[in-house]
Amino acid sequence: MRIFENYESEVRGYIRSFPTIFEKAKNSILVDEQGVEYIDFFAGAGTLNYGHNNEHITNALLEYLKKDGVVHGLDMATTAKKEFIHSFQENILKPRNLEYKLQFTGPTGTNAVETALKLARLVKGRSNIISFTNGYHGLTQGSLSITGNNEYRDESYISRCNAAFMPYDGYFENIDTIEYLRKFLADGSSGVDTPAAIIVETVQGEGGINVASKEWLQRLEAICREFDILLIIDDIQVGNGRTGEFFSFEFAGINPDIVTLSKSIGGGLPMAMLLFKPELDQWKPGEHTGTFRGNNLAFVAAKTAIENYWTNDDLSKAVFYKEKILKKHLESIVQKYKQYNISIRGRGLVYGFEVLNDSSVASEISAKCFNNGLIVETAGSEGQVIKFLPPLIIDEKTLKNGLEIFEKSVEEVFLEKEKHLKMEF
Ligand SMILES: *Cc1c(COP(=O)(O)O)cnc(C)c1O
């Protein structure tokens, strides 16, 4: 590890939570240089929904490279791009009655978010954007301005880029947060300008697995229509099947104006894009550009993922089936440790596990899991929530093994806590 300590910036993050050198990975398993295997319940923060080195995807990539397919082509037309667009239209958008134009941005999530904000402002001629408490949208300046987590919101930034925060679903116990938002919009003197757009995650991933209800999302959409505001769904982390359906907003029957996608859209390779209603396509040619828009290897991977997993509902069904296993096991842990007051919540294969009586315990559990061969990360404003994000293709046995390791690790941490307490008295 010394090479990283000596030469890589202090900014390095996940390496500290999972301090080993990973050498290989397949599906839901990571292997380090010592040959130790880890079950991956983190999946690249939602980038590896189809698993590490998914066989279908790897084969398609090897074949494409062998025949000298174009790897970099700026945003020129390529066969790989043509085939991806066709596949996405036919298998994802059309069956869901969604009519969107596609825009490829630089290959990271925050690029897609920046582009969404820019387009919304351009179309509406307004500069304010509303986002929500504990929302996470990336760390370049525009995205950062609408990200809640104060760990990232550095005061040295010169501008907050005209953004306003409103309470997310469930932020207050007894306040109707949609009514609250409505009041600010309806009152011209509230101090909150009518925004160009409202941006929201249906499940807040980094923010601690806070889940918006169907009704809340429907009412949010209605408010956007009432005040002529664009609705942006940031589906970067919980899209691509994470909640069981391809888009995380499908269950609510809403029709967002703009959708951001990244993380798993490229089948594990860097890729980001924007979907928007055709009437919003008010860009001039080349008005928003970038060198790595359209990563052709990612197009090949993305198309392969769609054609293997989204031409029928097998994967969706499997996600809901595995959700039951995950939920049941977590609920049994909640029951076993009632005195710790544990909350669990989620949708599909994104779940949070929060020990309400002790916010510091999550990072200890994550560290213990790592020692026991399981990669699981924390989320939330204080890292107080354990986040379950296994690859969607995880097999039942590995899922159950991972959950056993988790339960054992929780038990070890709680036992240590109790021992400590006894020593104090
Ligand atoms: C990860 C994430 C982003 C930022 O993506 P990057 O690729 O890290 O820039 C934006 N929004 C959400 C919801 C995310 O989870």
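Colleague: Let's start with α12 and α13: is their crossing left-handed or right-handed?
Modeller: Bear in mind that this is a predicted model. Helix α12 covers residues 361–371 and helix α13 covers residues 396–424. Where these two cross, the hand is right-handed.

Colleague: At what angle do the axes of α12 and α13 cross, and what does that make the pair: parallel or oblique?
Modeller: The two axes come within 9 Å of each other, and they cross at roughly 125°. Angles from 65 to 115 degrees would count as roughly perpendicular and those over 145 as roughly antiparallel. The value of roughly 125° therefore makes α12, relative to α13, oblique.

Colleague: How many charged residues sit in the contact of α12 with α13?
Modeller: On the α12 side we have V361, E364, I365, K368 and C369, and they meet a set in α13 that includes I405, F406, E412, E416 and K417. Sorted by class, the contact has eight nonpolar residues and one polar residue, and the charged ones number five.

Colleague: Moving on to α4 and α10, which hand does their crossing have?
Modeller: Helix α4 (residues 55–66) and helix α10 (residues 296–309) have axes that come within 9 Å and cross at roughly 140°. That angle makes α4 oblique to α10. As for the hand of the α4 and α10 crossing, call it right-handed.

Colleague: And how many charged residues are in the contact of α4 with α10?
Modeller: From α4 the contact takes H56, I57, A60, L61, Y64 and L65, while α10 brings in residues including V300, A301, T304 and Y309. By class, 10 are nonpolar and four are polar, and the count of charged residues is none: there are no charged ones.

Colleague: How do α8 and α9 run relative to each other: roughly parallel or roughly antiparallel?
Modeller: Helix α8 spans residues 177–186 and helix α9 spans 214–226; their axes lie 10 Å apart, at an angle of about 10°. Angles under 35 degrees count as roughly parallel. So α8 is, with respect to α9, roughly parallel.

Colleague: How many residues in the contact of α8 with α9 are charged?
Modeller: With the axes of α8 and α9 10 Å apart, the contact is made by T177, I178, E179, L181, R182 and L185 of α8 together with W216, R219, L220, I223 and E226 of α9. Nonpolar residues number six and polar ones just one, while the charged residues number four.

Colleague: Which strands stand at the edges of the seven-strand sheet?
Modeller: This is an open sheet with mixed pairing, and its order is β4-β12-β11-β10-β7-β5-β6. An edge strand has a single partner, so one side of it is left without a neighbour in the sheet; that applies to β4 (101–104) and β6 (163–166).

Colleague: Which residue of β6 is the bridge partner of I129?
Modeller: Strand β5 takes in residues 129–132 and pairs with β6 in the parallel sense, over four bridges. The bridge partner of I129 in β6 is A163.

Colleague: Which helix lies across β4, β11 and β12?
Modeller: The strands in question are β4, β11 (258–261) and β12 (273–276), and the helix covers residues 79–93. Running at about 135° to β4, the helix is α5.

Colleague: What is the average twist from one strand to the next in the four-strand sheet?
Modeller: The sheet is open and antiparallel, in the order β13-β14-β17-β16. Its edges are β13 (342–347) and β16 (377–379), each with a single partner, so each has one side without a neighbour in the sheet. From strand to strand the twist averages 30°.

Colleague: Which residue of β17 stands opposite T378?
Modeller: Strand β17 (residues 385–388) is joined to β16 by three bridges, and the two run antiparallel. Opposite T378 in β17 stands I386.

Colleague: Zooming out, what radius of gyration does the protein have?
Modeller: There are 13 helices and 17 strands here, and the C-alpha atoms fill a box of roughly 65 × 60 × 45 Å along the principal axes. A compact globule with 425 residues would come out near 22 Å, and the protein agrees with this because its own radius of gyration is 22 Å.

How values were computed
Residues are numbered from 1 along each chain as its sequence is written. This is a predicted model: local features need pLDDT of at least 70, side-chain atom pairs count only at pLDDT 80 or more; totals for chains, interfaces and linings use all residues. Side-chain values use heavy atoms; hydrogens and water are left out. Axes are lines fitted to C-alpha atoms, for helices over the stretch in contact, and angles run from 0 to 180 degrees between N-to-C directions. Contact means heavy atoms within 4.5 Å. Ala, Val, Leu, Ile, Met, Phe, Trp, Tyr, Cys and Pro count as nonpolar, Asp, Glu, Lys and Arg as charged, and the others, Gly among them, as polar. Two strands pair if DSSP finds at least two bridges between them. A crossing is left-handed if the near helix is turned anticlockwise from the far one by less than a right angle, and right-handed if clockwise. The radius of gyration is taken over C-alpha atoms; the globule rule is 2.2 Å times the number of residues to the power 0.38.
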